[in-house]
Amino acid sequence: MKQGLGTQLRHLIELLDGAVQQSYVEAGLDYRPRYTPVMRALAGGQPCSVSQIAGSAGITQPAATQTVALMLKEGWLVAQSSPTDARQKLLRLSEQGQRLLPKLQACWRATAAAAESLDADLPYPLSDTLARAITALEQRSFDERIRKAKE
């Protein structure tokens with residue numbers, strides 16, 4: 001029996017995230033893969049709002065908010081009030097987060113090389129296929145497609 005798209009995607013994420021998580025463990029890092037988009041957004045040293053992080057990371061604002069909350073709790077980030085708007089919090093890497101960056105960047109380079117290797121083994125690069133799928137779903141959502149299929 002052929003697995004459904006959702007089942008295949010969840011399995012793919014498990015395979016990818018499990019290997020990435022293992023690479024962090026092997027590097028001696030107590031770090032979650034879900035932190036990477038936030039860490040990358042803040043790696044340049046400029047404080048950013050959650051909205052800016054979400055935009056640069058390509059994740060939703062709720063996902064960024066949840067991830068930032070976890071990272072603040074674990075000490076990877078610090079928050080400060082914006083000098084122009086006291087209601088807005090700006091985030092930056094804590095000293096702990098800054099110390100972590102070199103090891104993380106080494107893991108990220110290895111992960112990027114592994115992704116290129118996977119793309120090379122496939123008849124159509126997975127990264128290109130995923131980008132096209134995202135674009136197609138942004139143009140016509142999956143829920144719209146489901147509704148159309150029910151007609």
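The exercises below, each with a worked solution, concern a predicted model of a single chain.

**Exercise 1. The overall layout**

Describe how many helices and strands the chain has, in what order the elements run, and what the C-alpha trace spans.

Solution. Begin with the count, which gives 7 helices and 2 strands in the chain. Then follow the elements from the N terminus, where the order reads α-α-α-α-β-β-α-α-α. Next take the principal axes, along which the C-alpha trace spans about 50 × 40 × 20 Å. Finally, turn to burial and contacts: of the 151 residues in the chain, 23% are buried, and among contacts with a separation of 6 or more, 48% join residues that are 24 or more positions apart.

**Exercise 2. The helix α1 and what follows**

Compare the reach of α1 with its expected span, and say which residue just after α1 takes a positive phi.

Solution. The helix α1 has 22 residues, and at 1.5 Å a residue a span of 32 Å is expected. From its first C-alpha to its last, α1 reaches 31 Å, which is close to that expectation. Just past the end of α1 comes G28, whose phi is positive, at about 80 degrees.

**Exercise 3. The largest nonpolar core**

Work out which residues of the largest nonpolar core touch the most other members, and which element gives the largest share of this core.

Solution. The core holds 24 residues, of which Y24, Y31, M39, L42, L77 and L104 touch the most other members. Two or more residues come from each of α1 (5-26), α2 (36-42), α3 (50-57), α4 (61-74), β2 (89-93) and α5 (95-121). The largest share, 5 residues, belongs to α5. To see the surroundings of one member, consider M39, which, leaving out residues up to four places away in sequence, touches Y31, M71, L93, G97, L100, L101, L104 and W108. As a general tendency, nonpolar side chains in soluble globular proteins are buried together.

**Exercise 4. Salt bridges**

Find how many salt bridges the chain has, and explain why the pair R32 and E74 ties together parts that are apart in sequence.

Solution. The count comes to 4 salt bridges. In one of them the side chains of R32 and E74 meet, at 3.4 Å from N to O. Because R32 lies in the loop between α1 and α2 while E74 lies in helix α4, this pair ties together parts that are 42 residues apart in sequence. R32 is partly exposed at 36% relative accessibility, and E74 is partly exposed at 30%.

A further salt bridge joins E144 to R140, with the closest N and O atoms 3.9 Å apart. R140 is found in the loop between α6 (126-139) and α7 (142-150), and its contacts beyond four places in sequence are R145 and K148. K148 in turn forms a salt bridge with E151, the closest N and O atoms being 3.6 Å apart, and E151 is exposed at 74% relative accessibility.

**Exercise 5. A buried charge and the cysteines**

Decide whether D119 is buried or exposed, and state how many disulfides are counted.

Solution. D119 lies in helix α5 and is buried, yet D119 has no salt bridge. The nearest side chain of opposite charge is R132, 11 Å away. Apart from neighbours within four places in sequence, D119 is in contact with P125, L126 and S127. As for the cysteines, the count comes to 0 disulfides; C48 is buried, with a relative accessible area of 13%, and C107 is buried at 8%.

How values were computed: Residues numbered from 1 in each chain as written. Predicted model: local features only at pLDDT ≥ 70, side-chain atom pairs only at ≥ 80, totals over all residues. Heavy atoms only, no water. Disulfide = S-S within 2.5 Å. Buried < 20%, exposed > 50% of the residue type's maximum accessible area, 1.4 Å probe, protein only. Core = buried A, V, L, I, M, F, W, Y, C linked by side-chain atoms within 4.5 Å. Helix = DSSP H or I, 4+ residues; strand = E, 2+ residues; numbered from the N terminus. Contact = heavy atoms within 4.5 Å. Expected span 1.5 Å × (residues − 1). Lys, Arg positive; Asp, Glu negative; His and termini not counted.
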